[in-house]
Amino acid sequence: MKKFTGRYTTEAAKVLKNSNQIICHVADEHDPDGGIYVTNGFVVYRMTPPEYAAIVQPVAQCEAGSWKIDQNGKQPSTTDLAVMFTNAVKDAATADTLRRAPMTWDANKTQAAVYYSASADFAALYNTSYVSSLHPAATLRAARAISPATACMDGEPFAIIMPIRLDPKAARAQK
């Protein structure tokens with residue numbers, strides 16, 4: 001049984017710990033909820049202070065702020081994750097909820113969860129580690145197969161996951 005911290009499972013800390021980089025951005029006064037945005041480049045978590053303290057702080061060993069940690073250590077970051085998050089949420093706002101296909105896919109040495117949209121007629125692949133870092137009650141929405149999926153709980157977006165792009169040299173599937 002998985003343990004939860006707010007809208008995230010313990011897998012979220014593992015995702016960040018196994019990443020080449022972690023970027024943090026604290027929203028400014030224009031964000032009414034004052035969210036803390038954290039990314040590894042493939043998934044963006046929008047966290048509350050208690051979620052940050054339980055998940056990110058033990059991994060990053062520092063307070064929330066505008067910073068980046070990679071192989072060169074900690075340095076200031078100007079990446080505005082709040083804008084990226086807001087744009088992805090707007091893009092997926094009118095999309096239907098994605099459904100999980102009962103299969104996984106080996107994609108570039110990564111296990112991928114297959115999600116599809118019956119109304120928009122597409123399927124997309126998302127890293128299973130990123131999907132399992134979200135609360136099981138979360139739903140995913142995406143406008144297109146190559147768009148980030150927005151994770152929502154109770155109608156509120158709290159994460160975005162970038163899709164896995166397969167090798168461009170691979171043969172395309174036929175409908």
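Helices (H or I, at least four residues) and strands (E, at least two) are DSSP runs, numbered from the N terminus. The model on display is predicted, and local features need pLDDT of at least 70, side-chain atom pairs count only at pLDDT 80 or more, and totals for chains, interfaces and linings use all residues. Residues are numbered from 1 along each chain as its sequence is written, and side-chain values use heavy atoms, with hydrogens and water left out.

**Stop 1: a loop residue**

Select Asn 20, which lies in the loop between α1 (11-17) and β3. At 70% relative accessibility, Asn 20 is exposed; here buried means under 20% relative accessible area, exposed over 50%, and partly exposed in between (1.4 Å probe, protein chains only). Next, display Asp 70: 50 residues separate Asn 20 from Asp 70 in sequence, while their C-alpha atoms are 6.0 Å apart. Leaving aside residues up to four places away in sequence, Asn 20 touches Ile 69, Asp 70 and Gln 71, where a contact means heavy atoms within 4.5 Å.

**Stop 2: the whole chain**

Zoom out to the full protein, which has five helices and 13 strands. Of its 175 residues, 41% are buried. Its accessible surface is about 10,000 Å², with 53% of that belonging to carbon and sulfur atoms; these areas come from the Shrake-Rupley method with a 1.4 Å probe, and for residues, only the protein chains shown count as cover. Among contacts between residues at least 6 apart in sequence, 52% join residues at least 24 apart.

**Stop 3: the eight-stranded sheet**

Colour the open sheet of eight strands, which has the order β7-β6-β3-β4-β5-β13-β12-β11 and antiparallel pairing. Two strands count as paired if DSSP finds at least two bridges between them. At the edges stand β7 (73-76) and β11 (139-141); each has a single partner strand, so one side of each is left without a neighbour in the sheet. On average, neighbouring strands of this sheet are turned by 25° against each other, direction ignored. For this and later angles, axes are lines fitted to C-alpha atoms, for helices over the stretch in contact, and angles run from 0 to 180 degrees between N-to-C directions.

Within the sheet, select β4 (residues 36-39) and β5 (residues 43-47), an antiparallel pair with four bridges. Ile 36 stands opposite Met 47 in β5. Then add helix α4 (residues 81-92), which lies across β3 (22-26), β4, β5, β11, β12 (149-153) and β13 (156-161) and runs at about 105° to β13.

**Stop 4: strand β12 and its neighbours**

Isolate β12, where five of the five residues are buried. Ala 149, Ala 151 and Met 153 point one way from the strand, Thr 150 and Cys 152 the other way, and all are buried. For Cys 152, the relative accessible area is 12%.

On one side, β11 and β12 run antiparallel and are joined by three bridges; Thr 139 has Cys 152 in β12 as its bridge partner. β12 and β13 also run antiparallel, with five bridges between them, and the bridge partner of Thr 150 in β13 is Ile 160. These two strands form a hairpin with two residues between them, and Asp 154 in the turn has a positive phi of about 55°.

**Stop 5: the aromatic cluster**

Show the rings of Tyr 8, Tyr 45 and Phe 158, which form one aromatic cluster. Rings of Phe, Tyr and Trp (its six-membered ring) pair if their centres lie within 6.5 Å; planes under 30 degrees apart count as stacked, over 60 as edge-to-face and the rest as tilted. By this rule there are five aromatic pairs. Tyr 8 and Tyr 45 are edge-to-face, at 5.0 Å centre to centre and 75° between the planes. This pair links distant parts of the chain, with Tyr 8 in strand β2 (residues 8-9) and Tyr 45 in strand β5, 37 residues apart.

Is Tyr 8 buried or exposed? Tyr 8 is buried, with a relative accessible area of 0%, and Tyr 45 is likewise buried at 0%. The rings of Tyr 8 and Phe 158 have centres 5.5 Å apart and planes at 75°, so this pair is edge-to-face. Phe 158 lies in strand β13, 150 residues from Tyr 8, and is buried at 0% relative accessibility.

**Stop 6: the cysteines**

Finally, select the cysteine sulfurs. The structure holds zero disulfides, a disulfide being a pair of cysteine sulfur atoms within 2.5 Å. For Cys 24, the nearest cysteine sulfur is that of Cys 62, 7.2 Å away. Cys 24 is buried, at 0% relative accessibility.
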